[in-house]
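Here are my notes on this model, set out as numbered points for you to read alongside the sequence and the coordinates. I have kept to a few places that seemed useful to go through in turn.

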Amino acid sequence: MAWLNATPKLPEGSKRAQRGGSSCLSRIEELKKDKISPPMPPNPAPHLINRLIEIGIAETGGMGPSTLSWREIGEWQRLTGVELEPWEARLIRDLSAAYIAEGRLAEDHNCPPPWRAAITQQARDADEARLRSVLG
């Protein structure tokens, strides 16, 4: 999710960066614009991801996003009446930290997705069309 939601920055010194070219769209917005369904890795525990999203994937810190605090996780449990197992709470906190770390890495324009997905013909056609428009 972090890789898809990141807005990549162009490499410093690249011709596109020098021309002021910059995409202000996230990867998921680019895929939707090209009518490509975003590839997603398998999710063996969707209930935990749903809880992470409900709690809030990250907290706002003074220098940007920060990992969910134990206090935030505890307050969510208290307010919702959902009691997490200790391993679930630790996993949710670890997932929050991983989301933030991946989001920072994913700002690199050349950062590959953290999973492997099959390349669809639709994605290939969209890439070829972009390449043709660049080459003129």
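1. In this predicted model, the largest nonpolar core has 11 residues in all, namely W3, L4, A6, I28, L31, I36, A106, C111, W115, A123 and A126. Helix 1, helix 3 (27-33) and helix 7 each supply at least two residues of this core. Another core, which lies apart from it, is made of 10 residues, among them L52, I55, I57 and I73.

2. Within the largest core, I28 may be taken as one member to look at in detail. When its neighbours within four places in sequence are left aside, I28 is in contact with L4, N5 and P38, and of these partners L4 is itself listed in the largest core.

3. On the cysteines, the count of disulfides comes to 0. C24 is in no disulfide, and the nearest cysteine sulfur to it, that of C111, is 20 Å away. The pair cannot be counted as bonded because the sulfur of C111 is 20 Å from the closest cysteine sulfur, in C24, which is too far for a bond. The surroundings of these two residues may also be set side by side: C24 is exposed, with a relative accessible area of 68%, whereas C111 is buried, with a relative accessible area of 14%, and C111 belongs to the largest nonpolar core.

4. The second largest pocket has a volume of about 500 Å³. It is lined by 19 residues, of which M1, M40, P41, I49 and L95 are the closest to its centre. Helix 1 (2-5), helix 4 (46-55) and helix 6 (86-105) are the elements that give two or more residues to this lining, and helix 6 gives the most, with 5 residues. By class, the lining holds 17 nonpolar residues, 1 polar residue and 1 charged residue.

5. Is E88, a residue of helix 6, buried or exposed? Its relative accessible area is 9%, and E88 is therefore buried, since the cut-off for that class is under 20%. Not counting residues up to four places away in sequence, E88 touches H47, L48 and R51.

6. K35, in the loop between helix 3 and helix 4, deserves a look at its backbone, for it has a positive phi of about 60° although it is not a glycine. Most residues other than glycine have a negative phi. At 66% relative accessibility, K35 counts as exposed.

7. S66 has its place in strand 2 (residues 64-66) and, at 27% relative accessibility, counts as partly exposed. Leaving out residues up to four places away in sequence, S66 touches A58, E59, T60, G61, S96 and I100. The C-alpha atoms of S66 and D94, which are 28 residues apart along the chain, are separated by 12 Å.

8. Lastly, I119 lies in the loop between helix 6 and helix 7 (121-135). Although isoleucine counts as nonpolar, I119 is exposed, with a relative accessible area of 62%. The C-alpha atoms of I119 and A45, which are 74 residues apart along the chain, are separated by 25 Å.

Note on methods:
Residues numbered from 1 in each chain as written. Predicted model: local features only at pLDDT ≥ 70, side-chain atom pairs only at ≥ 80, totals over all residues. Heavy atoms only, no water. 1 Å grid on protein atoms, 1.4 Å probe; cavity = no way out; pocket = protein on both sides within 12 Å on 5 of 7 lines; lining within 4 Å. Points joined across faces, edges and corners; volume = space filled by probe spheres on them. Helix = DSSP H or I, 4+ residues; strand = E, 2+ residues; numbered from the N terminus. Buried < 20%, exposed > 50% of the residue type's maximum accessible area, 1.4 Å probe, protein only. Core = buried A, V, L, I, M, F, W, Y, C linked by side-chain atoms within 4.5 Å. Contact = heavy atoms within 4.5 Å. Disulfide = S-S within 2.5 Å.
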